[in-house]
Amino acid sequence: MSTAPETDLPENLLDEGAGDDAEQDEQRPLKIDASLHGQRLDRALAACLAEFSRSYLQQRIEAGDVLLDGAVAAKASIKVRLGQQVLITLRETPQSRAFVPQDLPIETVYVDEHLRVIHKPAGLVVHPAPGNWQGTLLNGLLALDPVVQDLPRAGIVHRLDKDTSGLMVVARTRAAMDALVRMIAAREVSRQYLAIGHRGWPGTPERVVEAAIGRDPGHRLRMAVVDLSRQPGKTARTTFQCLDQNAQACLVRCILHTGRTHQIRVHMAHIGHPLLGDGMYGGTSLAGMERQALHAWRLAFAHPFTGAAQVWTAALPEDMQQALQALGLRYNEPD
């Protein structure tokens, strides 16, 4: 599989049919030809076994599962020679079981021959990753739509955090995937969210936040607003429009102009309104919200093949509606 934007997942993993028993491990003999002479062992293996990721092959080397001329290869950086005989044992790992179809409830909002728009529920992980190798949106798409089995990441071109609900578009063909990736990079896909933040909203209802985002130097699992003259990061811009507010909380429409990791969550915390339920960025449980109060409400773009303007919206999920009611905030669907 090739790489799609904003993913850090293992690629080219073992087939789903592999099992835990040793007799189901696969051994493959290889011979180093002239084109690979002098290459690192892991690079040579990756060239011969294109269906597996280099990181997976490095794991096999480190585990002693690669023999060079009958001897265990000591390390991945060994330079191979013309005519050497290689024997690699391919074993199943949690990653190797990631890309399997699983029947999961996925709500389709729209589908045609090129793309599908889905409504992701809160709690569903988008991509397989450590701790969530199965039961993800990717697994569900593989079962729902067999045509995506030949696409990188099953056609997923962007993502939502596990506990964020709302609309996502996925491709059903390689041409559609390439087009959507280009459109997202060119900021031709409009994504709007609804969020509930802590505390009242002071000043004018609309506020534009331009603040670069990078890895939090004090907490590597979090993102943070950073000074690009001193820390690595990327520019980020979000427009916030307060729809209703009181002393406890504010209902805010969020319009993304860039697509950085945790962008809305970081920017809302930065301006003093961390999301309800978002413990990572300073929010706390309030009005029954136990997950971050963030919903991908609106998705709009010109269809990559017909050119027709497409707009989809998804109503607020029940937990956010109940929170608004408990807080005494009014919700009228934005224009």
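The following exchange introduces a predicted model of one protein chain.

Colleague: On what basis do local features and side-chain atom pairs count in this predicted model?
Modeller: Residues are numbered from 1 along each chain as its sequence is written, and side-chain values use heavy atoms, with hydrogens and water left out. In this predicted model, totals for chains, interfaces and linings use all residues, whereas local features need pLDDT of at least 70 and side-chain atom pairs count only at pLDDT 80 or more.

Colleague: How many helices and strands are there in the protein chain?
Modeller: Helices (H or I, at least four residues) and strands (E, at least two) are DSSP runs, numbered from the N terminus. The C-alpha atoms fill a box of roughly 75 × 45 × 35 Å along the principal axes. Within the protein chain there are 6 helices and 15 strands.

Colleague: What percentage of the residues in the protein chain is buried?
Modeller: A residue is buried under 20% relative accessible area, exposed over 50%, and partly exposed in between, with a 1.4 Å probe and protein chains only. The protein chain has 335 residues, and the buried share of them is 49%.

Colleague: What percentage of the contacts with a separation of 6 or more joins residues 24 or more positions apart?
Modeller: A contact means heavy atoms within 4.5 Å. Among contacts in the protein chain with a separation of 6 or more, the share from residues 24 or more positions apart is 66%.

Colleague: Where in the chain is Ala179, and how far in space is it from His303, C-alpha to C-alpha?
Modeller: Ala179 belongs to helix H4 and is buried, with a relative accessible area of 8%. In sequence, Ala179 and His303 are 124 residues apart. In space, their C-alpha atoms are separated by 9.6 Å.

Colleague: Is helix H3 largely enclosed or open, and which strands are included in what covers its buried residues?
Modeller: Helix H3 spans residues 137-144, and 6 of its 8 residues are buried, so it is largely enclosed by the rest of the structure. The buried residues are Leu137, Leu138, Asn139, Gly140, Leu141 and Leu142. Their cover includes strand E6 (115-120) and strand E7 (165-171).

Colleague: How many disulfides does the count come to?
Modeller: A disulfide is a pair of cysteine sulfur atoms within 2.5 Å. Cys254 is buried at 0% relative accessibility, and its sulfur is 9.1 Å from the closest cysteine sulfur, in Cys250, which is too far for a bond. By this rule the number of disulfides is 0.

Colleague: How many salt bridges does the count come to?
Modeller: A salt bridge is a side-chain nitrogen of Lys or Arg within 4 Å of a carboxyl oxygen of Asp or Glu. One of them pairs Arg60 with Asp65, with the closest N and O atoms 3.0 Å apart. Arg60 is buried at 8% relative accessible area, and Asp65 is buried at 7%. By this rule the number of salt bridges is 15.

Colleague: Which strands hold Glu210 and Arg237?
Modeller: The side chains of Glu210 and Arg237 form a salt bridge, at 3.6 Å from N to O. This pair links distant parts of the chain, 27 residues apart: Glu210 is in strand E9 (residues 206-210) and Arg237 in strand E12 (residues 237-245).

Colleague: How many residues apart in sequence are the parts that Asp278 and Arg265 tie together?
Modeller: Asp278 and Arg265 form a salt bridge whose closest N and O atoms are 2.7 Å apart. Asp278 lies in the loop between helix H5 (263-270) and strand E14 (294-302), while Arg265 lies in helix H5, so the parts tied together are 13 residues apart.

Colleague: Is Ala154 buried or exposed?
Modeller: Ala154 is found in the loop between H3 and E7. Its phi is near 55 degrees, a positive value in a residue other than glycine. With a relative accessible area of 3%, Ala154 is buried.

Colleague: Is Arg187 buried or exposed?
Modeller: The loop between helix H4 (174-185) and strand E8 (190-198) contains Arg187. Phi of Arg187 is near 60 degrees, again a positive value in a residue other than glycine. With a relative accessible area of 55%, Arg187 is exposed.
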